[in-house]
Amino acid sequence: MKPIVTRRGSLAVLVLVVVTGAVWTRSDAASPVAEPYSSARDCARCHQTIHKYWSESEHSRSATSPSFRAALDAAVEGTPDRSAVQRNCVWCHAPTALVTGDYSLQRPITREGVSCDFCHTVADVDLSRPDHPFELQPGKVKRGPLEYAKSPYHETAYSALHKASPLICIACHEYKNAGGVKVLSTYSEWASGPYPVRGQTCQECHMPLVPGNTVSEGLESTQRRINLHRLVGGSAASRVRGGLDLRFGSLALGAASAEVEVVVANTGVGHAAPGGLSSKSLVLAVGVDTGSGELIHRLEKVYRRELKDSDGHALVTIPDFFLKAASVGEDTRIKQKESRNEHFTVPLPENWKAIVARLEYRDASDPKSPKTTLISEQRRERGR
Ligand code: HEC
Ligand code: HEC
Ligand code: HEC
Ligand code: HEC
Ligand code: HEC
């Protein structure tokens, strides 16, 4: 456990630890307890703005999104130990279940997913622990980045884990499955790049400081800025656009075709792009526009990390990534600060107007209907 500096003095923490029975582990969770966690609605009474942003985040939907529920059902179906699989998915998507034991997602607090009181009562993270990486201390002490915060409702404790460590995030965003395969490798990617040396953690990019009130008017606030709790990633095109650069390199026009070079660079994504699960990919599409706006003679290059089962077959569904991945196949994603120079031979119809390069983000969380979003487009008009 890292040293925790409390505003109320360490004695208060000691007393509290004794009273609440201290550290929660998986074995404690076997016996469900009353209601160790407060609802986000409760926090919203004072932390209105932060609550509003959190409500817009994927974290607030992680236990209730229809795609998660469908994937959970699919994962559990037909497995011999249903409750083990259920637990395996739920601890990350609805982590309060680690303490309440509510792996069947019955309680309102469980359905709040990655909720305020869960994150702000994590005392430490140790990835080498066997069951789950958290040291949980639900209770009166809310841990956060403010050194001089005082609240009439709860105790506060300054926590370096929240302010400056990626551990609070990677406890759930880095994951090795039973087969030893890293299904989520965001941390190892980040750690191998230039960002740790510059002190740029997950929070710096995903929870930047924005103007706002930590608490509603009338309460004593020590800050005029808040960390953005919306935590957007690939689900927002603007976020992806900001991290990637697309441009034309050399271009040689022939009579019936063009030799086109396109450069895609990962300029501001803190890990490989696209990040996260293997259901995400980036697609570079090159072709010609004859005036209709459609891309004709479309050629593609896909950036993705492939996971395979023990027979070497590529996996496509999220439950399969977690449960069946036995090896990593091709990983063509673009690493931090890396640029890729891609070459295409594009056929040119008589009536061509422009050569077009598009960068698209594809989310195949539901493999039957993948969602494709345009990130950016570059054009070379004919005759220019
Ligand atoms: C009655 C009002 C009130 C309620 C309800 C409330 N808080 Fe607070 N909280 C405050 C005030 C006031 C501060 C100090 C803000 C500042 O210094 O800018 C604070 C500070 C915090 C901090 C910062 C601690 C630090 O040292 O960095 C965290 C984290 C926090 N609250 C979490 C929560 C959570 C989680 C809940 C719901 C379980 C909650 N709060 C409910 C009033 C409240
Ligand atoms: C208790 C587990 C847990 C913790 C702790 C956690 N996350 Fe998440 N995070 C999730 C889950 C689960 C999802 C997916 C939610 C969904 O879409 O169903 C998610 C989604 C996200 C997304 C959205 C991805 C997208 O597609 O837009 C981002 C960004 C993110 N988390 C960043 C962070 C950062 C930064 C931290 C640390 C401050 C963090 N997370 C801490 C579990 C966690
Ligand atoms: C995924 C974990 C996570 C969740 C969920 C979460 N927070 Fe935070 N929160 C953090 C981290 C990490 C920081 C500090 C970020 C930094 O300093 O860079 C923080 C900062 C804060 C602060 C200090 C003021 C500020 O903005 O820096 C308050 C108050 C707070 N959170 C309240 C809440 C409330 C209320 C909710 C729910 C509505 C909530 N948090 C949900 C991780 C979380
Ligand atoms: C230098 C800024 C930066 C840092 C540092 C950073 N990220 Fe990101 N992250 C981004 C950008 C930009 C995107 C959007 C592009 C994408 O989806 O790959 C993103 C996307 C994501 C996504 C969504 C992936 C998807 O496509 O659905 C998750 C989850 C995520 N980051 C988690 C993390 C975690 C955890 C850390 C810390 C280990 C971290 N990030 C560090 C900039 C950063
Ligand atoms: C170690 C934590 C962890 C575990 C265990 C986990 N997930 Fe996730 N899951 C995440 C994170 C983090 C994301 C965010 C997306 C990303 O990074 O691409 C996510 C995203 C998802 C998504 C896409 C987002 C959405 O809501 O549609 C589905 C579906 C999903 N998980 C299902 C499952 C299932 C089913 C299991 C159990 C077999 C499982 N997860 C186990 C962390 C976890």
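**Entry 1: strand E12 and its partners**

I began with the pairing of strand E12 in this predicted model. E12 (residues 280-289) and strand E17 (residues 354-363) run antiparallel, and I found 10 bridges joining them. To fix the register, I looked up Val286, whose bridge partner in E17 is Ala357.

I then turned to strand E13 (residues 296-303), which is also antiparallel to E12 and is joined to E12 by 6 bridges. Here I noted Leu284, which stands opposite Lys301 of E13.

The hairpin of E12 and E13 has 6 residues between the strands. I checked the backbone there and recorded a positive phi near 115° for Gly291.

**Entry 2: burial of E12**

I asked how many of the 10 residues of E12 are buried. The count is 8, and I therefore entered the strand as mostly covered, a residue being buried when 20 or more other C-beta atoms lie within 10 Å of its own.

**Entry 3: the surroundings of ligand 4**

I listed 28 residues around ligand 4. Those that come nearest are Cys202, Gly233, Gly234, Gly243 and Gly270.

I next looked up which elements give two or more residues to this shell. They are the helices H11 (167-173), H12 (186-191), H13 (202-206) and H14 (237-243).

Sorting the shell by class, I obtained 12 nonpolar, 13 polar and 3 charged residues.

Finally, I compared the shell with the domain bounds. Domain 1 (5-165 + 201-227) and domain 2 (237-381) each supply at least three residues to the shell around ligand 4.

Key:
Residues numbered from 1 in each chain as written. Chains lettered and ligands numbered in written order. Predicted model: local features only at pLDDT ≥ 70, side-chain atom pairs only at ≥ 80, totals over all residues. Near = placed C-beta within 6 Å. Helix = DSSP H or I, 4+ residues; strand = E, 2+ residues; numbered from the N terminus. Nonpolar A, V, L, I, M, F, W, Y, C, P; charged D, E, K, R; others polar. Domains from an automatic or database assignment. Buried ≥ 20, exposed ≤ 12 C-beta atoms within 10 Å, placed from the backbone. Pairing = 2+ DSSP bridges.
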